[in-house]
Amino acid sequence: MEILVCVKRVPDPAENEIAVKADGSDIERDDLVYSVNEWDNYAVEEAIQIVERVGGSVTVVTVGTEDSEEVVRREMAMGANNGLMLVDPAFDGSDGRGLATILKAAARKGSYDLVLCGAQADDGAAQVGGMLAALLDWPYASVVNQIDTQDGQTIRVGREIEGGNQEISEITLPCVLSIQTGINEPRYVGIRGIRKVASVEIPVMNAAALGVDAATVGRAGARVQRLDYFVPPAGAGAEMLQGSANEIAGKLIDLLKAKGGLK
Amino acid sequence: MAPPLFAFVLHQDGKVDDSALELVAAARKIFPDASPIAIVTGAGASLEAACRAAATSYREVWKFADDALAYPNAETIRPLLLKVLPKGCVLLLPHTTFGMDLGPGLSIKMDAAFVPDVVAIDGLDGMTITAVRQEFNGQASSHWACDISQGAVLSLRPGCFAPDESRSASGQVVDRSAEASGLSARRRFVELVPAEVGDVDITKADVLVSVGRGFGDKENLAIAEDLARAMGAVVSCSRPVVDAKWLDKGRQVGTSGKTVKPKVYLALGISGSFQHLGGLKGNPFIVAVNKNPKAPIFQVANVGVVADVLELVPALTERISKAK
């Protein structure tokens, strides 16, 4: 199975306190720790496991800047066979449709049976996979937490829906799936793995090479635009307890007793 | 001229989803006098009941009955919507796993703008809707301008648009099932596998000690188990803990896990994503402990402590044990 996995370099939400710049134009990015989007990492692991079972290859693609190379290389160290970077100033400010347009062009350059995306990324939009499927005119399933390969014509997928229930469907290949976290246990990437792919050449394609009309992507093509970032007006918020761990513990015990939290 | 406005109404067992009323409320944030048309798809008696229920809050309900629509498969529903929706319309969807499945691709096929997971709508200026979203797991918000001149699809986060119960409608149900015949999709629904029942029923607990990614390692969960034992509480968790296989899925609180109604909820090392908070009902007393002072959990907690759970929790357990 030939599999394309779309990945994004994002500020790791578990490692960062996100602050908004005073003028609202962006978040403060200077001290952020970046990594591969967590959902995408599960998607790459899933692709590698499928190829380990049935053969084929995994290609990792990203729309980004030169900085994105580190995440493509990391996913190649995990076991993806190929990397591909889609970089062009004309891509800046793309909305979901723009990103899907760029990725569609990349998907059409290969001959893929399956395209995987993370279910969502740092902006929580959960949109690019479904848009890409529609542009390719391939079937789509979102929030997938199980993939069973079958006869090469169809696969069986589980979607994680509300309440922890799982919806099982059969889907015709080629298709696009967005991958939910927890579908597998992504393998550890060690220094040795990173070293092995350190000097591998990763091809870079721009709008012209992809055959993408610059007017359909980036700010020029966006029908949806972010106006600003802001910090939502705080609600009542929590009463914050200060002091040593021991002092705080004492205060918490009083509160828990009052609220019936101690038996 | 205002574009025609539609809302997709989800339902189960003849009852409409809570989002049905929320979509009406959201529509009125765009046009104060909006009266969107409800689209309800399905089959059999449950669809009939759902349409009657939808007609109490929508002036017009389009009913699409067909065996192929018995289960809400977005891949089957999308071509139906493309056939029946007028060009340039605005469609509102709930941002549920169904909305995530349907919305993005539908917007492409409609050649319409798409704004996902909207938490507030500031209004309409000309042909531009200004919508509010949250990013970075709720740590920052953003305003978005959405050009609706060629139509738009907006998916709205459940629980963010308060229904206006006072404005009921006695709408009419229009049977448009004839247009729903001959639907097919390259994704076929097979079955639903119900959520596993865990070793402990967290939905019955009055006091939950809930653990999150902040514990860092599976071994560290013993600290939370000790606290729960000292308190007489039950251990629950957030999604990353299940993803990392530290605890069973049956312990997970959230929209993709269990909905719980405790009296007291200790959120330890949990950032408080909206999916997690969506599983927390009944207005419990919430104590949050997190290293990140920007964690969204502090917005909803009653009491908060900025601390490392691995330091604070043992101190708390020790004090409780001593006091006994």
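These notebook entries record what I looked up in a predicted model with chains A and B.

**Entry 1. Chain A overall**

I began with the general dimensions of chain A. I counted 8 helices and 13 strands in chain A. Along the principal axes, its C-alpha atoms fill a box of roughly 65 × 45 × 40 Å. Of the 263 residues of chain A, 49% count as buried. I then looked at contacts in chain A with a separation of 6 or more, and 69% of them come from residues 24 or more positions apart.

**Entry 2. Strand β10 of chain A**

Is strand β10 of chain A enclosed or open to the outside? I found that 5 of the 5 residues of this strand, residues 175-179, are buried, so β10(A) is largely enclosed by the rest of the structure. I noted the side-chain directions as well. Cys175(A), Leu177(A) and Ile179(A) point one way from the strand, whereas Val176(A) and Ser178(A) point the other way.

Which strands pair with β10(A)? Strand β6 of chain A, residues 114-118, runs parallel to β10(A) and is joined to it by 5 bridges. Within this pairing I located Val115(A), whose bridge partner in β10(A) is Val176(A). Strand β7 of chain A, residues 140-149, also runs parallel to β10(A), with 3 bridges between them. Here Val144(A) has Ile179(A) as its bridge partner.

**Entry 3. Helix α4 of chain A**

I turned next to helix α4 of chain A, residues 128-136. This helix is mostly covered, with 9 of its 9 residues buried. Among them are Val128(A), Met131(A), Leu132(A) and Leu136(A), as well as Gly129(A) and Gly130(A).

What do the buried residues of α4(A) pack against? In chain A, I recorded β1 (2-6), α3 (96-109), β6, β7 and β10. The list also includes α4 (97-110) of chain B. Just after α4(A), I noted that Asp137(A) takes a positive phi of about 60°.

**Entry 4. Nonpolar cores**

I examined the largest nonpolar core, which has 70 residues. Val5(A) and Leu103(A) have the most contacts inside this core. For Leu103(A), I set aside neighbours within four places in sequence and found contacts with Cys6(A), Val61(A), Val63(A), Val128(A) and Leu132(A). Of these contact partners, Val128(A) and Leu132(A) are also buried residues of α4(A). Apart from the largest core lies another, of 60 residues, and Phe6(B), Ala7(B), Ala112(B) and Ile148(B) are among its members.

**Entry 5. The domains of chain B**

I took chain B by its domains: domain 1 covers 5-180 and domain 2 covers 202-323. Taken over C-alpha atoms, their centres are 34 Å apart. I found 6 residues of domain 1 of chain B in contact with 7 residues of domain 2 of chain B. On the domain 1 side, the touching residues divide into 1 nonpolar, 4 polar and 1 charged.

**Entry 6. A sheet with strands from both chains**

I traced an open sheet of 6 strands in the order β13(A)-β18(B)-β17(B)-β16(B)-β14(B)-β15(B), with parallel pairing. Why do β13 (239-240) of chain A and β15 (234-237) of chain B each have one side without a neighbour in the sheet? Both stand at the edges with a single partner strand each, so one side of each is left free of a neighbour.

Inside this sheet I checked β17 of chain B (residues 285-290) and β18 of chain B (residues 303-306), which pair in the parallel sense over 4 bridges. Asn290(B) stands opposite Val306(B) in β18(B). Lastly, I recorded helix α5 of chain B, residues 221-231, which lies across β14 (207-211), β15 and β16 (264-268) of chain B. This helix runs at about 170° to β14(B).

Note on methods: Residues are numbered from 1 along each chain as its sequence is written. Chains are lettered from A and ligands numbered from 1 in the order in which they are written. This is a predicted model: local features need pLDDT of at least 70, side-chain atom pairs count only at pLDDT 80 or more; totals for chains, interfaces and linings use all residues. A residue is buried if 20 or more other C-beta atoms lie within 10 Å of its own, exposed if 12 or fewer, and partly exposed in between; C-beta atoms are placed from the backbone. Helices (H or I, at least four residues) and strands (E, at least two) are DSSP runs, numbered from the N terminus. Two strands pair if DSSP finds at least two bridges between them. Two residues are in contact if their C-beta atoms, placed from the backbone, lie within 7 Å. Domain bounds come from an automatic or database domain assignment. Ala, Val, Leu, Ile, Met, Phe, Trp, Tyr, Cys and Pro count as nonpolar, Asp, Glu, Lys and Arg as charged, and the others, Gly among them, as polar. Axes are lines fitted to C-alpha atoms, for helices over the stretch in contact, and angles run from 0 to 180 degrees between N-to-C directions. A nonpolar core is a set of buried Ala, Val, Leu, Ile, Met, Phe, Trp, Tyr and Cys residues joined through C-beta atoms within 7 Å.
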